[in-house]
Structure formats: structure tokens, C-alpha cells
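I wanted to look up charged side-chain pairs and write down where they sit. The notes below are kept short.

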Amino acid sequence: MNAARLATPKEKVQELQEKLGYAAKESKRRRFHALYDKVYRWDILEEAWRRVRANKGAAGIDKQTLSDIEEMGVEKFLLTCQRSLKENSYRPMPVRRQYIPKKDGRMRPLGIPVIRDRVIQMAVKLVVEPIFEADFKDSSFGFRPKRSAKQALDRVRKACNRKGNWVCDVDIQSYFDNINQEKLMKLVEMRISDKKVLKLIRKWLKAGVMEEGTITRTDFGTPQGGVISPLLSNIYLNVLDLLWEKHGKECGELTRYADDFVIICKTKKDADKAMVIVQAIMKRLDLTLHPTKTRLVGMWTGKEGFDFLGMHHRKTKAETSRAWTYYTTQQWLSKKAEQHIRDEIKERLAPPSARMLSVEDHVEYLNPKIRGWKNYYATPYSQIKMAKLDWYILQRFCRYYAKKTKRRHTSVWRQVSEMLKQQNLLKLA
């Protein structure tokens with residue numbers, strides 16, 4: 001008789017999460033007090049490391065990389081994490097500030113925690129997320145288990161097609177920088193009463209940011225880039241979802257992905273009222289709406305549309321088999337998304353260093369990206385734009401190969417096309 005198979009760390013974590021989630025759903029007012037010892041459970045730490053490792057990511061201010069930890073020994077690293085939590089000696093380090101360019105030309109600040117802090121944040125997230133998931137609403141899709149941007153886009157399309165002729169296109173100004181930490185902690189405390197877990201979360205909020213050797217601490221915001229930041233962000237904006245369901249759902253349908261959200265309304269009157277309610281909720285959360293990016297969009301004529309989650313949404317005329325005309329909501333990749341794809345292709349193929357690599361190397365790098373773009377952006381209405389991007393990719397390969405072989409790019413079209421075909425370069429259209 002075969003011995004029973006031992007459960008993997010992932011399976012043990014799932015079992016714990018199911019128990020916590022079930023308990024949270026059973027009692028909406030229950031506060032959980034015995035969680036800290038679960039955070040440093042060996043299977044939790046192992047699963048936390050596995051997820052952090054899979055997410056990759058750069059080193060924090062201590063310059064320790066994932067490879068360094070693997071060289072040193074993962075077990076030794078996790079034992080150190082476990083010991084510091086058990087002995088209450090764990091102190092998070094400030095996050096490393098890094099700026100990445102935004103699509104509008106400005107820079108987005110990211111906070112990169114050290115790997116030890118990322119693993120311990122992930123361990124806490126694994127334990128507390130199922131508890132808050134029990135409270136989150138169906139209108140929220142960002143950074144949640146078994147929920148995706150594609151599902152949010154589908155919800156928006158269906159809402160627009162149900163006579164959703166007016167859209168509140170809402171943008172929260174510098175959301176992550178302006179979260180009120182005290183209000184956030186009060187929301188966390190509504191479900192968690194374990195003082196040690198609460199203390200951990202407070203430590204991460206107060207850890208500060210290191211930039212050019214100077215540490216800055218603030219009473220507002222959560223650093224973008226932290227493992228636990230998306231969960232904390234959802235806990236804070238769950239107030240919006242709850243209050244909308246209570247006071248605003250008669251005006252329109254809310255769809256939120258992290259701090260991006262739209263409200264689909266039937267009439268201009270409903271949309272105006274929706275904006276007033278949203279303003280009041282934002283005031284309660286100490287947040288402000290972006291004055292130029294927040295707007296009302298009239299969809300019914302097809303002259304206006306809006307961008308949400310990288311897709312442009314617009315009502316266009318269509319005909320039935322009996323030649324009856326009606327308006328339906330179409331989605332295709334937005335101009336910003338299109339430009340982002342072009343920029344990525346150019347960044348890969350245009351620099352002089354690109355000529356050091358073979359066509360095969362570039363195809364191997366680009367194929368997973370092309371597959372991802374196609375999976376997300378391909379719709380029946382995106383075909384023309386996707387075909388133009390395929391043409392752009394071919395042009396870029398021709399320019400790259402012409403410079404590599406010191407020929408005119410117009411003379412290598414046929415050769416490059418054949419090479420890309422042989423290397424199985426994927427197409428978007």
C-alpha cells in the first residue's frame with residue numbers, strides 16, 4: 001500500500017486561505033487575532049519565496065539580488081526571516097526609489113523593497129488577503145485572485161451596451177502618494193486585531209524611501225512597488241465600492257481596477273449625480289480627482305470615446321441581417337497602448353547594440369511579448385491597428401538588419417521577411 005502523498009507548501013497555504021476566507025465570509029464583523037504565528041510558518045515562507053522569485057524584480061537598497069540569495073542558500077535565508085519574526089527583531093529597510101517614465105512624459109516613482117522585506121510582505125499577504133477578499137465587491141478587479149483586466153473590460157462593454165450612454169471617466173490624483181495611513185490602518189483593524197500583524201503593516205508604511213542617500217518618511221501614501229501595496233490599496237478603495245453600492249448604484253455601474261475606475265450611466269443627469277457622489281466619497285478618503293483627466297463622456301453618438309485599461313471604448317453603428325441599424329460598443333487598443341508597443345519594439349531593435357545580436361535572438365525575445373499583446377489587445381475591432389503594428393515590426397527588423405549588414409534597408413525587405421518566417425516570428429493580426 002502506497003504511503004499518502006505529502007501536501008506541498010502551495011497546497012498547505014491554499015488550505016489555510018480557504019479556512020480563513022470561509023471564516024471571514026461566515027461572519028462579516030469577525031476580527032482575526034491569531035495570525036502572526038501563521039506568517040512565519042515554514043510552508044508560508046516557502047510559498048512566499050516561490051512567488052517573490054517568480055515575480056523577479058531588482059535589488060533594494062542592500063543590493064542583494066535573488067541570485068545572491070540562491071547562492072547563499074534559500075533555506076538559510078528563510079530561516080533568518082523566520083527567526084527575526086519569531087524573536088520580534090524584524091525591522092524593515094527603507095525602499096529604494098526608482099523612477100520609470102509614464103506615457104504622458106512624466107516620471108512614476110516606484111519603491112523597491114529589499115528581498116527580505118518582499119518575502120515577509122508576501123507571507124503577510126498570503127495570510128490576510130483571504131480575510132479581506134470576503135469583503136471586496138464584484139465591481140473591483142485589480143490585483144485580486146482569479147480576477148483580471150479582461151474581465152473588467154468585458155463588464156464595461158456590457159454596461160455600455162445596456163443603454164450606457166454616459167461615462168464618468170475618473171482619475172484619482174497621485175493616489176498612492178495620498179493614501180491617509182491612519183485611515184488605512186483603521187480599515188485594516190476592522191478585520192485584523194492581531195497587534196503583531198498590525199505592527200508589521202505600520203512598520204512598512206513608516207519605513208520611508210531612500211533617494212540619493214537620504215531617507216524620507218511620510219505620514220501619507222504607500223510606496224508603489226511593495227508586495228503588499230496593491231492589497232492595502234484595495235482595502236482603502238473598498239470604501240468607494242461599499243459607499244457606491246449604498247448611495248450610487250441607481251446612477252450607474254462602477255467598474256474599478258486598482259485606482260482606475262469608470263462609471264457607466266444611462267443619462268446625463270445620472271452621470272452628473274454620479275460625479276457629485278464620487279467627489280463626496282473622495283473627500284471622505286482625503287483624495288482628490290485629477291482636474292483635467294476626470295471627465296464626462298457622451299457615448300450615444302459615437303463621436304466620443306474613452307480609454308480604460310489600455311483599450312479605447314466607443315459606440316459605433318452596426319447593422320443586423322435585416323439592415324436594422326443599432327449602436328454597439330467596440331474596443332480596440334488605445335493610442336497610448338499602441339505607442340507603448342512601438343516604443344518597446346524600437347527600444348529593442350534600434351540601438352547600435354542590437355546589431356550585436358542575431359535575428360534569432362530578437363525573435364526569441366519578442367515572441368513572448370507579441371503573444372502577450374495579442375492575447376490582451378486582440379478584438380474583432382483591433383485588426384487594422386494590429387496589422388499596422390505588424391508592418392511596423394517588419395520595418396524595424398529591416399532597418400536593424402540593413403545597419404547590421406551595412407546595406408540600404410529597402411534592399412533587404414525580401415530577405416528579412418523570409419528570415420522572420422523561418423524563425424517563426426509571431427504576428428499580432
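What follows are my entries on salt bridges in this model, which is predicted.

Entry one, the count. I looked up how many salt bridges the structure holds, and the total is 26. I then went through some of them one by one.

Entry two, Glu129 and Lys125. I found that these two side chains meet in a salt bridge, with 3.4 Å from N to O. I asked myself why Glu129 and Lys125 are separated by about one helical turn. The reason I noted is that they lie four residues apart in helix 6, which covers residues 115-133. Next I checked whether Glu129 is buried or exposed. Glu129 has a relative accessible area of 6%, so I wrote it down as buried. Lys125 has 16%, and because buried means under 20%, I listed Lys125 as buried too.

Entry three, Glu344 and Lys369. I recorded a salt bridge here, its closest N and O atoms being 3.1 Å apart. This pair links distant parts of the chain, the two residues being 25 residues apart. I placed Glu344 in helix 13 (residues 335-349) and Lys369 in helix 14 (residues 359-377). Lys369 has a relative accessibility of 27%, so I entered it as partly exposed.

Entry four, a network. I noted that Lys28, Asp135 and Arg191 are joined into one network by salt bridges that share partners.

Entry five, Asp37 and Lys38. I found a salt bridge between them, with the closest N and O atoms 4.0 Å apart. Asp37 counts as partly exposed because its relative accessibility is 40%.

Terms used. Residues numbered from 1 in each chain as written. Predicted model: local features only at pLDDT ≥ 70, side-chain atom pairs only at ≥ 80, totals over all residues. Heavy atoms only, no water. Buried < 20%, exposed > 50% of the residue type's maximum accessible area, 1.4 Å probe, protein only.
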